[in-house]
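Work through these short exercises with the model open. Try each task before reading its solution.

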Amino acid sequence: MIYDISNLQCIGRTAMALQDINMTHHWLPFTPNRSFHKDPRVFVAADGMHFTTHDGRQVLDGISSLWCVGAGHNRKPINEAIKKQLDTLDYATAFQASNDQAFKAAEMIAHMAPGDLNKVLFCNSGSEAADTSLKVALAYHRSRGEGHRNMFIGRERGYHGVGFGGMSVGGIPANRKAYGTALLPRVDHMRFIHDPVNHAYIHNQEPVWKEDILLELENRILPLHDPSNIAAVIVEPVAGSAGWYLPPRGYLKRLREICDKHGILLIFDEVITGFGRMGTNFGADYYGVVPDMLNFAKCVTNGVIPLGGVVCSDRIYDSMMAASAGSPEHAIEFFHGYTYSGHPVACAAAIATLELFKQDKLFERAGHMGPVLGDALHSAIKGLPTVIGIRSLGLAGAVEMASIPGAPGKRAYDVFMTCFHHGVLVRPAGENIVLCPPYIVEKEHIDRMVNVVADAIKQHA
Ligand SMILES: Cc1ncc(COP(=O)(O)O)c(C=O)c1O
């Protein structure tokens, strides 16, 4: 399909006509393709907080381009590091050898990670990080003679990417429903962390629940499967993709205690909460809980080049090495890896990104701007028709709207489209509109985003 839009207004040197773009062949991910082709959204440039569209319009990036671009777009130190790396070492095999950038990036990430999380396994995405961490859990238990620990516990509405492992422990129904018996069989899910009656509105603080929702894990799920069979529990510290749902105060600490009591590994999927979103290095730091593995992606390279990974504890690594002590030296201890694990260009981008975050104190800035976003959302949007909840903490917030009977997700999609046409990119997630801007965001940007969202909500009420 080639578009012929005759009334295009082309402003600026990057503008191009849609008819010059052949859109026949690109099957867009997680996108309603039929609707997209009727009203395409094509970005051709970006700088700072803004995109330029094909027709030269400026669109404010209210979602850090899917939680990736913490430092804002087009950051020269990152771009320069990539160009330099390309001219120095473009690629080197990841197996049986490595590269200087991978070692440096791993060292920086390990130094940033809490506790004894010191060993980085690189991959290319959050989905690969999820599958990698699940495989490490199985291999680790086996290395200790506990191969019967082969069951995983995730959480309803959790998102861990689209690999079969991550999808299986994930709990977003639409992502699972087509895959039937191809999902991993030995998985259970804890209940979701949302109380729409008592905690519909969460304003820049952790919700304090009267009920202990982890009793379900202790009293139902673990006895049902027997704790000695559980390899790992995997959760996002904050449920991001579902729509920024925040755990009750003390939840993650108690989850850590339960896992410790039963020898179960705890995996934090920090693909969204990692690298500054909560104003700290990781969600683990914000909540004061150290997991056994921490998955990351997205912001580690400012989204510029794919890179993901799993930071594992020394205990896990040491156990895997010890298990191979009797094997010949040439024997591989963990049969896992990707051609592009620790790609030098991606790692050079990560090094430059992490230096930039530090130099510009961007995590502190995210921590400082978070309440500004939360206050704006609550003051401009609470009480609007159809709004049934607002949750803000860290530099992110979600507005939940009443579902249209028979058309789940339609209201949020309509609001997203209207916001886009008014120059603001927001994220529809179920019945939620999520805002998670880059850490460089200014108050004027926040006011603009929130006002555009408020107007769109009124329009679609
Ligand atoms: C918590 C979490 N895990 C995993 C993923 C999957 O990451 P990717 O899309 O890079 O595979 C995401 C993506 O949003 C995520 O939010």
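## Exercise 1: Two cysteines

Task: Classify C68 as buried or exposed, then decide how many disulfides the model has.

Solution. Start with C68. Its relative accessible area is 14%. Buried means under 20%, so C68 is buried. Keep in mind that this is a predicted model.

Next, find its nearest partner. The closest cysteine sulfur to that of C68 belongs to C299, 6.6 Å away. A disulfide needs two cysteine sulfur atoms within 2.5 Å. C68 is therefore in no disulfide.

Now turn to C299. The nearest cysteine sulfur is that of C68, again at 6.6 Å, and C299 is in no disulfide. C299 is buried too, with a relative accessible area of 0%. The disulfide count comes to zero.

## Exercise 2: The ligand shell

Task: List the residues that surround the ligand and sort them by class.

Solution. Go along the chain. The shell holds S125, G126 and S127, then Y159, H160 and G161. E236, S241, D269, V271, I272 and K298 complete the list.

Sort them next. The shell has three nonpolar, six polar and three charged residues.

## Exercise 3: Polar contacts and cover

Task: Which atoms of Y159, S241 and D269 lie at a short listed distance from the ligand?

Solution. The cut-off for a polar contact is 3.5 Å between N or O atoms. Take the residues one by one.

- Y159 uses its backbone: an N or O atom there lies 3.4 Å from a ligand nitrogen.
- S241 places a polar side-chain atom 3.4 Å from a ligand oxygen.
- D269 has a polar side-chain atom 2.8 Å from a ligand nitrogen.

Then check the cover. On its own, the ligand has 390 Å² of accessible area, and the protein covers 83% of that.

## Exercise 4: Positive phi

Task: What are the phi values of S64 and K298, and where does each residue sit in the fold?

Solution. Begin with the background. Most residues other than glycine have a negative phi.

S64 is not a glycine, yet its phi is positive, about 45 degrees. S64 belongs to helix α2, residues 64-67. S64 is buried, with a relative accessible area of 0%.

K298 also has a positive phi without being a glycine, with a value near 40 degrees. K298 sits in the loop between β10 (293-296) and β11 (308-313). K298 is partly exposed, at 23% relative accessible area. K298 is also one of the residues around the ligand.

How values were computed:
Residues numbered from 1 in each chain as written. Predicted model: local features only at pLDDT ≥ 70, side-chain atom pairs only at ≥ 80, totals over all residues. Heavy atoms only, no water. Near = heavy atom within 4 Å. Polar contact = N/O pair within 3.5 Å; in protein donor to acceptor, adjacent residues only side chain to side chain. Areas by Shrake-Rupley, 256 points an atom, 1.4 Å probe, with all protein chains shown as cover. Nonpolar A, V, L, I, M, F, W, Y, C, P; charged D, E, K, R; others polar. Buried < 20%, exposed > 50% of the residue type's maximum accessible area, 1.4 Å probe, protein only. Helix = DSSP H or I, 4+ residues; strand = E, 2+ residues; numbered from the N terminus.
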